[in-house]
Amino acid sequence: MPSRIVNNREYQIGKILCIGRNYVDHIKELGNEAPSAPVIFMKPASSVIGNGNTVFIPAYSDNCHHEAELALLIGRKAKNVSESEALSYVAGYGVAIDLTLRDVQDELKKKGLPWDIAKGFDTACPLSAFVPAETISDPQELTIRMTVNGELRQNGSSSLMIRSAAQLISYLSGIFTLEPGDVILTGTPAGVSRVIAGDRLCAEIPGAGRVEVSIGHQ
Ligand code: MG
């Protein structure tokens with residue numbers, strides 16, 4: 001099982017709760033409507049890989065997109081927590097790439113079917129190391145960058161989230177008990193684009209984390 005260490009404590013990665021459509025500029029680029037409630041989906045822990053690892057795009061897709069996102073690592077059990085106390089449940093901050101099979105997702109969306117095979121396949125969640133939460137003074141003032149082969153594709157700010165990290169934790173904790181090792185991916189800013197075999201991907205949040213992976217040939 002994948003794990004991450006923060007402040008000398010090892011966290012086995014649990015459920016990975018992902019937020020869709022949390023940045024207005026990204027909603028526009030995909031032609032989606034702004035949701036009245038957060039769009040939530042999950043990735044399994046088995047989709048997690050780490051720095052230096054290789055992504056394998058499944059054969060059933062011909063259009064895999066990168067989505068760089070601020071990742072929150074939950075440090076203690078949270079159920080029905082208020083927005084004001086929500087950030088105290090975060091053990092660490094990092095960065096993830098929410099790899100998305102856009103063609104597969106679009107087909108499933110049209111049919112009203114779940115997205116799991118577009119979002120949860122093996123290697124679909126490159127995840128950085130986490131910095132201790134106390135080193136981040138404000139998670140809504142972070143820069144999120146994504147480069148592909150050294151070219152800048154995403155350059156956003158967590159200040160542009162529709163729902164903040166604290167709001168998301170509070171909301172999610174009313175639906176799912178959050179447990180130590182659970183991860184929340186908070187949505188991606190604009191600039192998503194296709195990646196192909198041979199590409200080198202790097203997602204970075206200065207001060208919080210960096211994860212670099214390559215796309216492998218099947
Ligand atoms: Mg995403």
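## Exercises: turns, helices and buried side chains

Asn 7 lies in the loop between strand E1 (3-6) and strand E2 (9-12). Keep in mind as you work that the model is predicted.

### Exercise 1. Two asparagines in loops

**Task.** Find the sign of phi for Asn 7 and for Asn 149, and decide whether each residue is buried, partly exposed or exposed.

**Solution.**

1. Start with the backbone. Asn 7 has a phi near 50°, which is positive although the residue is not glycine.
2. Move on to Asn 149, in the loop between strand E13 (143-148) and strand E14 (151-157). Its phi is near 55°, again a positive value in a residue other than glycine.
3. Now classify by accessibility. Partly exposed covers the range between the 20% and 50% cut-offs. At 49%, Asn 7 is therefore partly exposed, and Asn 149, at 48%, is partly exposed too.

### Exercise 2. The two sides of helix H3

**Task.** Work out which residues of H3 (residues 102-111) are buried, and whether they line one face or are spread around the helix.

**Solution.**

1. List the buried residues: Arg 102, Val 104, Gln 105 and Leu 108.
2. Look down the helix axis. These buried residues fall within an arc of 155°, so they line one face of H3.
3. Recall some helix geometry. With 3.6 residues a turn, residues three or four places apart in an α-helix point the same way.
4. Turn to the face directed away from the buried side, where the exposed residues Lys 110 and Lys 111 are carried.
5. Ask what covers the buried residues. The cover includes helix H1 (24-30), strand E7 (64-65), strand E10 (100-101) and helix H4 (116-119).
6. Finish just past the helix, where Gly 112 has a positive phi of about 70°.

### Exercise 3. Aromatic rings and a charge

**Task.** How many aromatic pairs does the whole structure hold, and which charged end sits over the ring of Tyr 89?

**Solution.**

1. The search of the whole structure turns up one aromatic pair. Its members are Phe 41 and Trp 115, with centres 5.4 Å apart.
2. Check the geometry. Planes between 30 and 60 degrees apart count as tilted, and the 55° between these two planes fits that class.
3. Place the partners in the chain. Phe 41 is in strand E4 (residues 39-43) and Trp 115 is in the loop between H3 and H4; the pair links distant parts of the chain, 74 residues apart. Both residues are buried.
4. For Tyr 89, look to Arg 76: its charged end sits over the ring, 3.9 Å from the ring centre.

### Exercise 4. Asp 98, buried or exposed?

**Task.** Decide whether Asp 98 is buried or exposed, and find which side chain joins it in a polar contact.

**Solution.**

1. Locate Asp 98 in the loop between strand E9 (90-97) and E10.
2. Buried means under 20% relative accessible area. Asp 98 has 0%, so it is buried.
3. Examine the side chain. A polar contact of 2.9 Å joins it to the side chain of Lys 119.
4. Fill in the surroundings, leaving out residues up to four places away in sequence. Asp 98 touches several residues, including Phe 41, Lys 43, His 65, His 66, Glu 67 and Glu 69.

### Exercise 5. Leu 17 and helix H5

**Task.** Find where Leu 17 is, and how many residues of H5 (residues 165-173) are buried.

**Solution.**

1. Leu 17 is in strand E3 (residues 16-20), and its relative accessible area of 0% makes it buried.
2. Beyond its neighbours within four places in sequence, Leu 17 contacts, among others, Ile 40, Phe 41, Leu 172 and Leu 185.
3. One of these contacts, Leu 172, is also on the list of buried residues in H5.
4. Count along H5: seven of its nine residues are buried, and the helix is mostly covered. Among the buried ones are Ala 165, Ile 169 and Ser 173.
5. The cover over H5's buried residues includes E3, E4, strand E8 (68-74), helix H2 (83-86), E9 and strand E15 (183-185).

### Exercise 6. The cysteines

**Task.** How many disulfides does the structure hold, and how far from Cys 64 is the nearest cysteine sulfur?

**Solution.**

1. The structure holds zero disulfides.
2. For Cys 64, the nearest cysteine sulfur is that of Cys 125, 12 Å away. A disulfide needs sulfur atoms within 2.5 Å, and Cys 64 is in none.
3. For Cys 125, the nearest cysteine sulfur belongs to Cys 18, 6.4 Å away, and Cys 125 is also in no disulfide.
4. Check accessibility: Cys 64 is buried at 2%, and Cys 125 is buried at 0%.

Conventions. Residues numbered from 1 in each chain as written. Predicted model: local features only at pLDDT ≥ 70, side-chain atom pairs only at ≥ 80, totals over all residues. Heavy atoms only, no water. Buried < 20%, exposed > 50% of the residue type's maximum accessible area, 1.4 Å probe, protein only. Helix = DSSP H or I, 4+ residues; strand = E, 2+ residues; numbered from the N terminus. Arc of directions from axis to C-beta. Contact = heavy atoms within 4.5 Å. Phe/Tyr/Trp six-rings, centres within 6.5 Å; stacked < 30°, edge-to-face > 60°. Lys NZ or Arg CZ within 6 Å of the ring centre and 35° of its normal. Polar contact = N/O pair within 3.5 Å; in protein donor to acceptor, adjacent residues only side chain to side chain.
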